[in-house]
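This briefing introduces one protein chain to a reader who is new to structural description. Please keep the sequence and the structure in view while reading the points below.

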Amino acid sequence: MMHSALALSLLLIAVSSNLAMAIKKEKRAPQTLSRGWGDDITWVQTYEEGLFQARKSNKPLMVIHHLEDCQYCQALKKVFSENEEIQEMAQNNFIMLNLMHETTDKNLSPDGQYVPRIMFVDPSLTVRADITGRYSNRLYTYEPQDIPFLIENMKKALRLIQTEL
């Protein structure tokens with residue numbers, strides 16, 4: 001009897017240990033504000049903070065709307081985070097925000113609430129609806145092959161600020 005109780009105890013310990021290790025493996029690493037879009041970029045936490053920083057620093061705010069389980073967002077995130085020119089401009093010339101929820105500012109969804117969606121807000125706090133992507137049915141979306149177009153739009157956002165000064 002004692003022998004089977006000991007064997008049962010050892011079996012329970014082994015099962016619970018394996019279960020604990022399986023649960024530990026499933027846990028994800030804690031997310032930073034970058035959420036994989038660029039760990040060297042300084043990200044703001046909220047839209048309101050982004051607006052404040054844009055005005056204070058006289059830099060445009062770049063808002064990336066995305067969802068964690070969206071395959072199109074994941075594909076764009078991968079090329080965005082690997083592109084050195086985008087990462088450098090984002091770090092040095094923009095206030096950066098990535099959101100996995102909608103803001104209360106309806107100006108950030110002029111043609112709908114789809115993802116991925118990238119919009120620019122200038123330091124005067126004007127949403128630049130005139131800086132659009134390539135697609136007429138989703139004006140502010142970008143796909144991985146659109147990275148050169150996104151770079152041009154980032155440069156356009158910067159030029160607009162310089163001409164307004």
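A residue is called exposed when its relative accessible area is over 50%, buried when that area is under 20%, and partly exposed in between. The model described here is predicted. Its chain has 165 residues, of which buried residues make up 38%.

**Overall architecture**

- The secondary structure of the protein chain consists of five helices and three strands.
- In sequence order, these elements follow the pattern α-α-β-α-α-β-β-α.
- Of the contacts between residues at least 6 apart in sequence, 69% join residues at least 24 apart.
- The chain has an accessible surface of about 10,000 Å², and carbon and sulfur atoms account for 58% of that surface.

**The two faces of helix H2**

- Helix H2 spans residues 47-57, and its buried residues are Tyr47, Gly50, Leu51 and Ala54.
- Viewed down the axis of H2, the buried residues fall within an arc of 100°, so they line one face of the helix.
- An α-helix has 3.6 residues a turn, so residues three or four places apart point the same way.
- The exposed residues Glu48, Phe52 and Lys56 are carried on the face of H2 that is turned away from its buried side.
- The cover over the buried residues of H2 includes the strands E1, E2 and E3.
- Just after H2, Asn58 adopts a positive phi of about 60°.

**The nonpolar cores**

- The largest nonpolar core contains 23 residues, and those touching the most other members are Met62, Phe80, Phe94, Met96, Phe120, Leu150 and Met154.
- Strand E1 (61-65), H3, H4, E3 and helix H5 (147-164) are the elements that give two or more residues to this core.
- The most is given by H5, which supplies seven residues to this core.
- Leaving out residues up to four places away in sequence, Met154 touches Met62, Ile86, Met89, Ala90, Phe94 and Phe120.
- Another core, of 15 residues, lies apart from the largest nonpolar core, and its members include Leu51, Leu108, Met119 and Val121.
- Leu51 thus appears twice in this briefing: among the buried residues of H2 and among the members of this other core.

**Aromatic pairs**

- How many aromatic pairs does a search of the whole structure find? The search finds two.
- In one pair, the ring centres of Trp37 and Phe80 are 5.2 Å apart and the ring planes stand at 80°, so the pair is edge-to-face; the angle required for this class is over 60 degrees.
- This pair links distant parts of the chain, since Trp37 is in the loop between helix H1 (2-26) and helix H2 (47-57), whereas Phe80 is in helix H3 (residues 71-82), 43 residues apart.
- Both Trp37 and Phe80 are buried.
- Phe94 and Phe120 form a tilted pair, with 5.9 Å from centre to centre and 50° between the planes.
- Distant parts of the chain are linked here as well: Phe94 is in the loop between helix H4 (84-93) and strand E2 (95-99), and Phe120 is in strand E3 (residues 117-121), 26 residues apart.
- Phe94 and Phe120 are likewise buried.

**Arginine residues over aromatic rings**

- Arg117 lies over the face of Tyr114, at 5.7 Å from the ring centre.
- Arg138 lies over the face of Tyr135, with 5.5 Å to the ring centre.

**Three individual residues**

- Is Ser34 buried or exposed? Ser34, in the loop between H1 and H2, has a relative accessible area of 2% and is therefore buried.
- Apart from neighbours within four places in sequence, Ser34 is in contact with Asp39, Trp43 and Asn98.
- Gln87, in helix H4, is also counted as buried, because its relative accessible area is 15%.
- Beyond its neighbours within four places in sequence, Gln87 is in contact with Trp37, Gly38, Ile41, Phe80 and Ser81; Trp37 and Phe80 are the two partners of the edge-to-face pair.
- Leu139 belongs to the loop between E3 and H5 and is partly exposed, because its relative accessible area is 28%.
- Not counting residues up to four places away in sequence, Leu139 touches Asp111, Tyr114, Thr132 and Gly133.
- The C-alpha atoms of Leu139 and Ala129 are separated by 8.9 Å, and these residues are 10 residues apart along the chain.

Key: Residues are numbered from 1 along each chain as its sequence is written. This is a predicted model: local features need pLDDT of at least 70, side-chain atom pairs count only at pLDDT 80 or more; totals for chains, interfaces and linings use all residues. Side-chain values use heavy atoms; hydrogens and water are left out. Rings of Phe, Tyr and Trp (its six-membered ring) pair if their centres lie within 6.5 Å; planes under 30 degrees apart count as stacked, over 60 as edge-to-face and the rest as tilted. Helices (H or I, at least four residues) and strands (E, at least two) are DSSP runs, numbered from the N terminus. Buried means under 20% relative accessible area, exposed over 50%, partly exposed in between (1.4 Å probe, protein chains only). A charge sits over a ring if NZ of Lys or CZ of Arg is within 6 Å of the ring centre and within 35 degrees of the ring normal. Contact means heavy atoms within 4.5 Å. Accessible areas come from the Shrake-Rupley method with a 1.4 Å probe; for residues, only the protein chains shown count as cover. A nonpolar core is a set of buried Ala, Val, Leu, Ile, Met, Phe, Trp, Tyr and Cys residues joined through side-chain atoms within 4.5 Å. The arc is that of the directions from the helix axis to the C-beta atoms.
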